[in-house]
Amino acid sequence: AETLVFEARVGQPVRYKTLVFTLRACETTAADEAFEDHIAHVQVVSEPKAIPGREPTPARQVFRGWTFRSSPGLNPFEHSVYDAWLIACRVSGPESRAGAA
């Protein structure tokens, strides 16, 4: 078994072996909510790497939808070899305006 934790930025694909993960949105619940959760819209494409001398295997979408950190089974990513879970959405703070008058 192998475990890998990776960070993905919205709109920038991340490849892991034959899978390409593209994060479309990532949100956290508001600070005043009673229950904290992280929610992400993810697209996963199966895209085998090209083998020289062979016809390339076309990419195919294997998952697209919202996933929840608190309930990974609600809308699960289902694959015969891999599992994927949302750990957290990082929310950057307001941009620094150092030097602004």
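## Exercises on a four-strand sheet

Tyr 16 stands opposite Leu 19 in β2. That pairing is a handy way into this predicted model, so keep it on screen while you work through the exercises.

**Exercise 1. Work out which order the strands of the sheet take, and which of them stand at the edges.**

Solution. Start with the inventory: the protein chain has 0 helices and 4 strands, and from the N terminus the elements read β-β-β-β.

Next, go through the pairings. β1 and β2 are antiparallel and share 3 bridges. From β2 to β3 there are 9 bridges, again antiparallel; here Leu 19 has Ser 46 of β3 as its bridge partner. Then β3 and β4 run antiparallel, joined by 8 bridges, with Ala 40 opposite Thr 67 in β4.

Put that together and you get an open sheet of 4 strands in the order β1-β2-β3-β4, with antiparallel pairing. β1 (14-16) and β4 each have a single partner strand, so they are the edges, and one side of each has no neighbour in the sheet. As for twist, neighbouring strands are turned by 25° against each other on average, ignoring direction.

**Exercise 2. Decide whether strand β3 is enclosed or open to its surroundings, and check each of its faces.**

Solution. Set the background first: buried residues account for 25% of the 101 residues in the protein chain.

Now count along β3 (residues 38-46): 9 of the 9 residues are buried, so the strand is largely enclosed by the rest of the structure.

Then split the strand by face. On one side sit His 38, Ala 40, Val 42, Val 44 and Ser 46, and on the other Ile 39, His 41, Gln 43 and Val 45. Every one of these is buried, so both faces are covered.

**Exercise 3. Find the disulfide, give its handedness, and say how accessible each of its cysteines is.**

Solution. The count comes to 1 disulfide. Its partners are Cys 26 and Cys 89, with sulfur atoms 1.8 Å apart. The two come from distant parts of the chain, 63 residues apart: Cys 26 belongs to strand β2 (residues 19-28), while Cys 89 lies in the segment after β4 (60-68).

For handedness, look at the torsion about the S-S bond. The angle is about -85°, so the disulfide formed by Cys 26 and Cys 89 is left-handed.

For accessibility, the cut-off for buried is under 20% relative accessible area. Cys 26 has 22% and therefore counts as partly exposed. Cys 89 has 7%, so this cysteine counts as buried.

**Exercise 4. Describe the largest pocket: its volume, its lining, and what the strands give to that lining.**

Solution. Begin with the volume, which is about 1200 Å³. The lining of this pocket is made up of 33 residues. Nearest the centre are Phe 6, Glu 7, Trp 85, Leu 86 and Ile 87.

Sort the lining by class next: 23 residues are nonpolar, 4 are polar and 6 are charged.

Finally, look at what the sheet brings in. β2, β3 and β4 each supply at least two residues of the lining. β2 gives the most, with 4 residues. This is the strand that also holds Cys 26 from the disulfide.

How values were computed: Residues are numbered from 1 along each chain as its sequence is written. This is a predicted model: local features need pLDDT of at least 70, side-chain atom pairs count only at pLDDT 80 or more; totals for chains, interfaces and linings use all residues. Side-chain values use heavy atoms; hydrogens and water are left out. A disulfide is a pair of cysteine sulfur atoms within 2.5 Å. Buried means under 20% relative accessible area, exposed over 50%, partly exposed in between (1.4 Å probe, protein chains only). Two strands pair if DSSP finds at least two bridges between them. On a 1 Å grid over the protein atoms alone, a cavity is a set of points where a 1.4 Å probe fits but cannot get out, and a pocket is an open set with protein on both sides within 12 Å along at least five of seven lines; lining residues have an atom within 4 Å of a point. Grid points are joined across faces, edges and corners, and a volume is the space filled by probe spheres set on the points. Ala, Val, Leu, Ile, Met, Phe, Trp, Tyr, Cys and Pro count as nonpolar, Asp, Glu, Lys and Arg as charged, and the others, Gly among them, as polar. Axes are lines fitted to C-alpha atoms, for helices over the stretch in contact, and angles run from 0 to 180 degrees between N-to-C directions.
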